[in-house]
Structure formats: structure tokens, C-alpha cells
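This report looks at selected features of a single protein chain, moving from helix packing to the nonpolar core and then to local backbone geometry.

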Amino acid sequence: MRWLTLTVFLPLLGIPFLLIPELPDRAARLIALGVTIATFLVSVGMFVKFQKGVPGFQLVEDVPWFEGVGLRYTLGVDGVSLFMVMLTTLVMPVAILTSWSVTEKVKMYVMMALFIEAAILGTFLSLNLLMFFLFFELLLLPMALTIGIWGSKRRVYAAIKFFLFTLVGSAFLLVGILVLFAQSADVLGQGTFDFRRLQELPMTVEVGRWLFMAFFIGFAVKVPLFPLHTWLPDAHTEAPTKGSVVLAALLLKTGTYGLVRFNLGLFPEASDHFAVFVSILAAIGIVYGGIVAIMQTDLKRLVAYSSISHLGLIVIGTFAFTEQALTGSVLQMVNHGLSTGLLFIGVGMLYERTHTREISELGGIAKVTPWLAGVYLVAALSSLGLPGLNNFIGEFLVIVGTFISSHVFGVLAAVGVVLSAIYLLWSYQRAFQGDVPERWKGIKDINRREVLLVVPMIAVMFLIGLFPKPFLDRIEPTTNGIVREVEAAGSADLQTGEAP
């Protein structure tokens, strides 16, 4: 069975049914939910087939497409992409369940979700750079439409800003891919977009560094890394709950995944050369995001700025070039998707009941919605790295691994954890504790559908926090190989002008 092809394209099979004009909104939601659950079950089959402890790509599907221009249909999964796929297929049914609060253009709303899922899965599994770019770009329009049609008051502004920022970043990425293709044509006699062949492509140090920057800009916008982050708070704040969950849990990870897969994988010498520069940007993002989050009065905007800080932690661990830090960064991609996704779900449920996100107006609401408050508290404790929950494992590995590489950056990474404890616990105290205002006393607690939303994510949080070994065993062979390649490139004699 072609597990990867089935995983990528199964979400699209639900779209023809959603185009039926007479289809009721409830049926559309159930069809989308059924398709995303089926995709999750297929990805579980892929996970079972994946062999732990084995480096390199597995379950590879490689067939001719347009070979005249070096284009082949190539999919593969390794320890880095495996859990990105599992995170995607877990989060998307949860995102569909949030659609019950949407009452306008429901069929189009869930259709956008299925398009986004297929595009994200293709991004994580493509081993052909042009295929990767096509999937990477297919994310833009449905995500922008989700924000622009179903968002809040400034939704059009936020959608256009998101689209323009990411489009400009992608232009740099496309130029880098085409130059790399031309380089392969000069060296190999025929151009190729195959990631595995391009890894072995010799190039001068100067070319490698320019290409690194082209790829880096494309992915840094998607992360987003300081100072290219300004689109994110607006997009998160104006997006509907599904949009915020998908944006935080999945779309941002295409940027961090791209840095690990392509910047480190294709340009190890340049990665080592620019490591301090990238780490400085990441450290600024960690501290800046945390401090600005403390200053927020809007609960959703607070969570948005927390993402900038946490994603900076992932990037600083990626460029520490130690096995602990890189493994922790990959695991932290999953952890951030779960914890921040659940925070946005909690904020969304709160907004549906109160129609406000102002922290000062929400005090005492835990007394009437104790289960909702409990969900938000679990997500907050996970996000700040409480031992026993998922983020603790990833953050610990990143901080220790980064400290081994650089004491300064290791301390700055730890500062981010301290700041997260401040803004998350303080916001919880102000929003949920204290005397309950009279107007909130009739609010209902979470219902059965919302229980289905949160239970799977909380369960995986505890699973990673208490039993991380099954995850680490599958990630480490790939990340250890990447670190060795970068170390070898960094220690090589570069006076000849050739990168290894």
C-alpha cells in the first residue's frame, strides 16, 4: 500500500461531497470530520510501518512525473517528518470539531480545512523540492480565505498582511530552488529537484551561503522569526478558532521543519557559518515575545505573542548543533502544536460564551465554568513546561543542548521558560480567578462536543510528558545524522573554497 500518497490525498476525497448544493451544513461538518479521522487512521498505519532506530527515509514512493525537467513524484518519511504528519492528522479532526460554532458558508469553511490538511501533509512528506514548494504555496490561499472570510473585525487586513508576507518570503525560496536546480544541471548533466541527490551536490562556499539565505528568508517568514513576525499576532487575533489552531499547530511548523530539513540538510557549512546570526534573532524573539505577551490585555493576542517566544526556542535549539538540542527542537514542534493549539481552543470556547477576550472582563469565570478553566490551565501548564507534561521534555533537551553549545544562548533559552510562566499564570489568575461578575453567572460549562475536542490533545500531552522514549527513539537517528553532517562541514578545511 502507498501509505504516504494515501495520507496526503485522502483529505481531498471529501471535497466532491461538499460541493453538493443541497448538502446540509451538519452533514458537511460530519463528512469533513469523517475524512480527517480516516486520514488520522491511515497515518497510524504509516506510523506502525515506520521502523524506529533506522536513519534515512522510509516508505519512499518514487515514480517518474516530468523527467525531462528532473521532476519526479517523490515522497518519503523520516524521524523529523513522522511526527509532523502525526500532529497534522491529530489536530485536523479537532479543528473540524470547532466548526460547529460557524454558521455562515459552512461547506466552504470545512472545505478550506481539507485543502489545508492535504497541503500541509504534502509539505512534510515531499522529497522533491518543486513538489515541496507547490504544497508549501497551496497553504496560502485557503488560510488567507479562512482568516479573511470568517475572522473578526480586522480580518481582511490580517488576511492580506499574512498573504503578502508569506508570498514575498516564498519568492526567495523559489529563487533558491531554481538556482539549486541549475547548479545540479551543471554538475550532474541533468537538473534534479530530488532532495537526496541534492544533498550530495558539491558547491562552492559562496554559492552555498547565498542559497542558505534564500531558503532561510522563505522559512523565517513562515516560522515567523524576529523581525519578520509582525503578521502573526494580527493573523492569530483575527482568525476564527479553527484558523488559529491550524496556524499555531501546523502552518508555523512548515517553517521550522523547512529550516531543519533543507537549510541544515542541504547547506551544512552555511548553517554552521550563520548559526550565531540565526541564534541571535531567535534569542531576541524569545525575550521579545515573552515580554510583549506579559503586556497584553487581549487573551488571544497574549497566546499569539507566546508563539513567537516558543518558536524562537525551537530555532535556537535547531542551530545549537547538538544532538540533544536538535532532538528537543523537533519534539518541541509537536509540543508547541499541542499546547498552543489547546490554548487557542480554550480562548475560542471562552469567547463563544462571553463575546470578549479582554482579560480584565473575565475575572472569576472559573467558578461558573470550572472544566473550561481546567482545560485552559492544563494547556498553560503544558506550555510553560511543567514536569509530567509534554513541553518539559522538549524544553529541557533544547536548553541543555543549547547550553552545551553556548552558555549565553542556553541562558537566554531558559529566560523564555521563566517569561512563559509569568504571562501564562498571571493571565490565568486575572481571567479565571477572583469574584465572578454577575453577567457570567448563567454561562454553561463545556459540552460533550468540546470534550471530544480537548481529550485527545490532553492525552497526548501526558503521553509525551510521561513516556517520551517512543518519540525520541524515532526522532534521534535522523537528528543525530544531521548534527554529524553540520559538525563535519564546520570542521572541514574551507580554504579550498569547496563545501563538503
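What follows is a description of a predicted model, arranged by element and residue.

**Helix packing**

Two packed helices are described by the angle between their axes and the distance between the axes. Two pairs are described here, and the table gives the values for each.

| Helix pair | Angle between axes | Distance between axes |
|---|---|---|
| α4 (residues 79–97) and α16 (residues 323–354) | about 10° | 9 Å |
| α6 (residues 129–138) and α8 (residues 155–188) | about 170° | 11 Å |

Angles under 35 degrees count as roughly parallel, and α4 and α16, which pack at about 10°, are therefore roughly parallel to each other. Helix α4 passes α16 in a right-handed crossing. On the α4 side the contact is made by G79, V80, F83, M84, L87, L90 and V94, and these meet V330, M333, V334, G337, L338 and I345 on the α16 side. Sorted by class, the residues of this contact comprise 11 nonpolar and 2 polar ones, with no charged residue.

For the second pair the relevant cut-off is the one for angles over 145 degrees, which count as roughly antiparallel; α6 and α8, at about 170°, are therefore roughly antiparallel to each other. Here L129, F132, F133, F136 and E137 of α6 meet L167, S170, L173, L174, I177 and L180 of α8. The contact of α6 with α8 has 9 nonpolar residues, 1 polar residue and 1 charged residue.

**The nonpolar core**

Which residues touch the most other members of the largest nonpolar core? Among the 173 residues of this core, they are L129, L180, F215 and F432. Of these, L129 and L180 also take part in the contact between α6 and α8 described above, L129 from α6 and L180 from α8. The surroundings of F432, once its neighbours within four places in sequence are left aside, consist of contacts with L350, L362, G364, I365, A366, L372, A373 and Y376.

**A buried glutamate in a strand**

E61 lies in strand β1, which covers residues 58–66. With a relative accessible area of 4%, E61 is buried, the cut-off for that term being under 20%. Leaving aside neighbours within four places in sequence, E61 is in contact with R2, W3, L4 and T5, and also with Y73, T74 and L75. As for T74, which is 13 residues from E61 along the chain, the C-alpha atoms of the two residues are separated by 5.4 Å.

**Backbone geometry in the loops**

Most residues other than glycine have a negative phi, and most peptide bonds are trans. Against that background, two cis peptide bonds and two residues with positive phi may be examined in turn.

The peptide bond from V223 to P224 is cis, with omega near -10°, and the one from F226 to P227 is likewise cis, with omega near 5°. P224 lies in the loop between α10 (205–222) and α11 (231–238), and P227 is placed in the loop between α10 and α11 as well.

K105, which is not a glycine, has a positive phi of about 50° and sits in the loop between α4 and α5 (106–125). Is K105 buried or exposed? K105 is exposed, with a relative accessible area of 55%. H355, also a residue other than glycine, has a positive phi near 60° and is found in the loop between α16 and α17 (370–383). H355 is exposed too, its relative accessible area being 60%.

Definitions and conventions: Residues are numbered from 1 along each chain as its sequence is written. This is a predicted model: local features need pLDDT of at least 70, side-chain atom pairs count only at pLDDT 80 or more; totals for chains, interfaces and linings use all residues. Side-chain values use heavy atoms; hydrogens and water are left out. Axes are lines fitted to C-alpha atoms, for helices over the stretch in contact, and angles run from 0 to 180 degrees between N-to-C directions. Helices (H or I, at least four residues) and strands (E, at least two) are DSSP runs, numbered from the N terminus. Angles under 35 degrees count as roughly parallel, over 145 as roughly antiparallel, 65 to 115 as roughly perpendicular and the rest as oblique. A crossing is left-handed if the near helix is turned anticlockwise from the far one by less than a right angle, and right-handed if clockwise. Contact means heavy atoms within 4.5 Å. Ala, Val, Leu, Ile, Met, Phe, Trp, Tyr, Cys and Pro count as nonpolar, Asp, Glu, Lys and Arg as charged, and the others, Gly among them, as polar. A nonpolar core is a set of buried Ala, Val, Leu, Ile, Met, Phe, Trp, Tyr and Cys residues joined through side-chain atoms within 4.5 Å. Buried means under 20% relative accessible area, exposed over 50%, partly exposed in between (1.4 Å probe, protein chains only).
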